Amino acid sequence: MTLRTACAIANPNIAFIKYWGNRDPTLRLPSNGSISLTLGGLETQTTVTFDESLSSDHVSVDGQPASASTSERVSIHLDRIRLVAGFDIYATVESCNNFPVGAGIASSASAFAALTMAGISAAGLSLPPIELSRLARRGSGSACRSIFGGFVEWYAGDSDEDSYAESFASADHWDLQDLIVIVSQEHKGVGSTQGHVLADTSPLQSARVADAQRRLKECRRAILERDFFSLASIIELDCHLMHAVMHTSTPSLMYWYPETLQIMSAVTKWRTDGYHVCYTIDAGPNVHCICTNEHADSIEEQLRHLPGVIKILRAHPGESARVVTALK
Ligand code: DP6
């Protein structure tokens with residue numbers, strides 16, 4: 001019996017310029033390019049074992065058998081890996097996260113980045129990072145960014161070949177911190193994949209996409225020049241644009257809770273008072289407060305006093321996805 005196994009770790013990422021909507025949902029070619037920070041400290045560890053004795057794939061997440069929909073999505077991604085590898089062997093996939101999944105912390109990003117990396121390695125293959133990024137993108141769009149560390153841009157591209165991510169500044173370029181304020185740990189009602197399908201039903205999506213190049217350029221510049229207040233403006237604008245599209249889709253999506261708005265308004269006030277802090281929110285109610293390391297302790301302390309805050313996770317610029325020796 002031949003067992004081929006490998007384990008990989010990937011970090012999630014937080015998008016500063018968001019991916020929302022696909023031009024081609026099957027290939028996951030996004031409507032616009034995006035920029036993110038890879039989040040060190042939060043991670044998904046995934047072990048893939050191709051096993052000739054199996055008659056189907058077996059997927060577990062955090063020690064529990066995965067739901068039917070998750071198992072199906074993982075199997076479809078394993079099929080892509082099997083196609084590259086040129087064999088037809090089923091696999092066991094064991095995935096563990098050290099952060100709550102499904103609450104707007106882009107768990108699918110680290111999940112599919114780690115799955116791609118572990119799967120390719122278990123198959124005995126070695127692919128360049130850009131190829132891994134293209135492959136991870138097919139599993140979950142934001143996963144193509146989690147292949148890389150530091151500050152990452154996903155080029156929308158025109159086809160499967162040129163839609164991939166790359167790092168444009170390393171993790172040590174700028175010591176930003178992400179204080180992820182958890183106001184709900186429930187699994188979100190409408191996941192990103194379903195949300196992307198609705199994007200084009202909003203009359204605001206075309207304006208959001210038309211202005212994307214300008215925002216990407218401004219965000220890149222602000223990061224490269226470590227210009228916090230410009231970064232704050234563009235991150236918040238981009239977040240508002242994506243949520244405006246969500247709010248005006250048919251049916252409309254509203255991910256915010258009252259606590260979400262309270263945190264947004266507190267962050268705005270603290271920035272007016274001179275603190276280096278801004279917010280962004282993904283497809284969930286939790287708020288990512290992006291701040292400089294210098295102000296992070298003080299902001300975290302103030303956040304703890306806001307009503308409805310369940311807990312605060314802290315992340316720092318993280319490294320690329322990597323193959324590791326499995327720790328059992
Ligand atoms: C709001 O990558 O989770 O977090 O491609 O269907 O897996 P799928 O969607 P996903 O969408 C991420 C949406 C977002 C913004 C972002 O991360 O850019």
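User: How many aromatic pairs does a search of the whole structure find?

Analyst: This is a predicted model, in which local features need pLDDT of at least 70 and side-chain atom pairs count only at pLDDT 80 or more, while totals for chains, interfaces and linings use all residues. Residues are numbered from 1 along each chain as its sequence is written, and side-chain values rest on heavy atoms, with hydrogens and water left out. Rings of Phe, Tyr and Trp (its six-membered ring) pair if their centres lie within 6.5 Å, and planes under 30 degrees apart count as stacked, over 60 as edge-to-face and the rest as tilted. With these limits, the number of aromatic pairs found in the whole structure is 5.

User: What is the distance, centre to centre, in the aromatic pair of Tyr-19 and Trp-154?

Analyst: A pair of aromatic rings is described by the distance of the centres and the angle of the planes. For Tyr-19 and Trp-154, the angle between the planes is 70 degrees and the pair is edge-to-face. The centre-to-centre distance of Tyr-19 and Trp-154 is 4.7 Å.

User: How many residues apart in sequence are the parts that the pair of Tyr-19 and Trp-154 ties together?

Analyst: Helices (H or I, at least four residues) and strands (E, at least two) are DSSP runs, numbered from the N terminus. Tyr-19 lies in the loop between strand S2 (13-17) and strand S3 (22-24), whereas Trp-154 belongs to strand S10 (residues 151-154). The pair therefore ties together parts whose separation in sequence is 135 residues.

User: Does Trp-154 count as buried or exposed?

Analyst: Buried means under 20% relative accessible area, exposed means over 50%, and partly exposed lies in between (1.4 Å probe, protein chains only). Its partner Tyr-19, at 9% relative accessibility, counts as buried. Because its relative accessibility is 0%, Trp-154 counts as buried.

User: Which residue do ring pairs link with Phe-228 and Phe-229 into a cluster?

Analyst: The rings of Phe-228 and Phe-229 have centres 6.0 Å apart and planes at 85 degrees, so this pair is edge-to-face. Phe-228 counts as buried at 5% relative accessibility, whereas Phe-229, at 38%, counts as partly exposed. Ring pairs link these two residues into a cluster with Trp-174.

User: At roughly what angle do the axes of helix H2 and helix H3 cross?

Analyst: Axes are lines fitted to C-alpha atoms, for helices over the stretch in contact, and angles run from 0 to 180 degrees between N-to-C directions. The axes of H2 (residues 107-122) and H3 (residues 129-139) come within 9 Å, and they cross at roughly 125 degrees.

User: How is the angle of H2 to H3 classed?

Analyst: Angles under 35 degrees count as roughly parallel, over 145 as roughly antiparallel, 65 to 115 as roughly perpendicular and the rest as oblique. With axes that cross at roughly 125 degrees, H2 is placed relative to H3 in the class oblique.

User: How many nonpolar residues has the contact of H2 with H3?

Analyst: Contact means heavy atoms within 4.5 Å, and Phe-112, Ala-113, Thr-116, Met-117 and Ile-120 in H2 meet Leu-132, Leu-135, Ala-136 and Gly-139 in H3. Ala, Val, Leu, Ile, Met, Phe, Trp, Tyr, Cys and Pro count as nonpolar, Asp, Glu, Lys and Arg as charged, and the others, Gly among them, as polar. By class, this contact has 2 polar and no charged residues, and its count of nonpolar residues is 7.

User: What is the handedness of the crossing of H1 and H2?

Analyst: H1 and H2 pack at an angle of about 35 degrees, with their axes 10 Å apart. A crossing is left-handed if the near helix is turned anticlockwise from the far one by less than a right angle, and right-handed if clockwise. The crossing of H1 and H2 is right-handed.

User: What is the separation of the C-alpha atoms of Ile-89 and Arg-4?

Analyst: Ile-89 sits in the loop between helix H1 (68-85) and strand S9 (91-97), and at 10% relative accessibility Ile-89 counts as buried. Beyond its neighbours within four places in sequence, Ile-89 is in contact with residues including Arg-4, Phe-50 and Asp-51. Ile-89 and Arg-4 are 85 residues apart along the chain, and their C-alpha atoms are separated by 9.8 Å.

User: Which residue does a cis peptide bond join to Thr-250?

Analyst: The bond has an omega of about -5 degrees. The partner of Thr-250 is placed in the loop between helix H8 (228-247) and helix H9 (258-272), and this residue is Pro-251.
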